[in-house]
Structures are given as C-alpha cells and as structure tokens.
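Student: I would like a close look at one part of this model, taken slowly and with its surroundings included. Please give the cut-off behind each term when it comes up.

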Amino acid sequence: MRVYDSKIETGLVSVSCNCCEKELLVENGILKEECIHIVHDFGFFGHRDGETHSFDLCEDCYTQIVSRFRIPVEMQERKELL
C-alpha cells in the first residue's frame, strides 16, 4: 500500500507490503527496497468487471507466493540495469 502527500514535492511518503504489513524504506520520496507493485484493471467476463485493484508485495512475500505456483514464474536475467 502506497501513501502519497501532494504537499511534498516527491509525493511518496510510505510503502507497506499488503501481505505482511512490512514497512518498506522510503527516503526523500524514493523507495529504497525491492517491491512488487501491481495494478490491474478488471475487464469483462469476470466477477470484478470495472474494478481496479492495486497492491504492493515485499520481496519475501513475493517469493513465498510464487513458490506455490504449479507453473514457475518465467525469469530472464537483464544485462543492464537502468
């Protein structure tokens, strides 16, 4: 979960993992820990038509969740990090 403050130039104030509630490190509006941020707009043909869901997961919770997948996450190593 992200908290923003429009009165602050950088905007981002805090980020918490929606799963375990761990408070992630934010300094001067910059997230300084790895975090998975997901935003999904549900379309037609489902039970959540027209809803938008967003959440954040810390790296530990992400690892726990994907470890239960029957089909593993597809991974590629990047050569350059921007």
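Student: Is Cys-35 buried or exposed, and what is its relative accessible area?

Tutor: Cys-35 is buried, and its relative accessible area is 13%; here buried means under 20% relative accessible area, exposed means over 50%, and partly exposed covers what is in between, with a 1.4 Å probe and protein chains only. The model is a predicted one, in which local features need pLDDT of at least 70 and side-chain atom pairs count only at pLDDT 80 or more, whereas totals for chains, interfaces and linings use all residues. Residues are numbered from 1 along each chain as its sequence is written, and side-chain values use heavy atoms, with hydrogens and water left out.

The surroundings of Cys-35 can be described through its contacts, which are heavy atoms within 4.5 Å. Once its neighbours within four places in sequence are set aside, Cys-35 is in contact with Arg-2, Val-15, Leu-24, Asp-56 and Leu-57. Cys-35 also belongs to the largest nonpolar core, which has 9 residues in all, the others being Leu-12, Val-15, Cys-17, Leu-24, Val-26, Leu-57, Cys-58 and Cys-61. Such a core is a set of buried Ala, Val, Leu, Ile, Met, Phe, Trp, Tyr and Cys residues joined through side-chain atoms within 4.5 Å. Two or more residues of this core come from each of the elements β2 (12–16) and β7 (52–58); helices (H or I, at least four residues) and strands (E, at least two) are DSSP runs, numbered from the N terminus. In soluble globular proteins, nonpolar side chains tend to be buried together.

The cysteines deserve a separate word. A disulfide is a covalent bond between the sulfur atoms of two cysteines, and the criterion used here is a pair of cysteine sulfur atoms within 2.5 Å. The structure holds 0 disulfides. For Cys-35, which is in no disulfide, the nearest cysteine sulfur is that of Cys-17, 7.5 Å away. Cys-20 is likewise in no disulfide, and the nearest cysteine sulfur to it, that of Cys-61, is 3.7 Å away. Cys-20 is partly exposed, with a relative accessible area of 41%.

Strand β2 gives residues to the core, and two serines of this strand, Ser-14 and Ser-16, can be followed in turn. Ser-14 counts as buried because its relative accessibility is 15%, and, with residues up to four places away in sequence left out, it touches Met-1, Arg-2, Val-3, Glu-23 and Val-26. Ser-16, at 18% relative accessibility, also counts as buried, and under the matching exclusion of residues up to four places away in sequence Ser-16 touches Met-1, Glu-21, Lys-22, Glu-23 and Asp-56. Arg-2 is thus a contact of Ser-14 and of Cys-35, while Asp-56 is a contact of Ser-16 and of Cys-35.

Glu-21, one of the residues touched by Ser-16, lies in the loop between β2 and β3 (23–24), where it is exposed, with a relative accessible area of 67%. The phi of Glu-21 is near 70°, a positive value in a residue other than glycine. Most residues other than glycine have a negative phi. Asn-28, in the loop between β4 (26–27) and β5 (30–31), also has a positive phi, near 50°, and it counts as exposed at 67% relative accessibility.

On the side of strand β7, Phe-55 is found in that strand and counts as partly exposed, because its relative accessibility is 30%. Not counting residues up to four places away in sequence, Phe-55 touches Asn-18, Ile-36, His-37 and Ile-38. Although Phe-55 and Met-1 are 54 residues apart along the chain, their C-alpha atoms are separated by 5.6 Å. Ahead of this strand, in the loop between β6 (35–41) and β7, is Arg-48, which is partly exposed, with a relative accessible area of 41%, and which touches Phe-42 and His-53 when residues up to four places away in sequence are not counted.

Ser-6 offers a contrast in setting: it has its place in the loop between β1 (2–4) and β2 and counts as exposed at 77% relative accessibility. The C-alpha atoms of Ser-6 and Arg-68, 62 residues apart along the chain, are separated by 38 Å.
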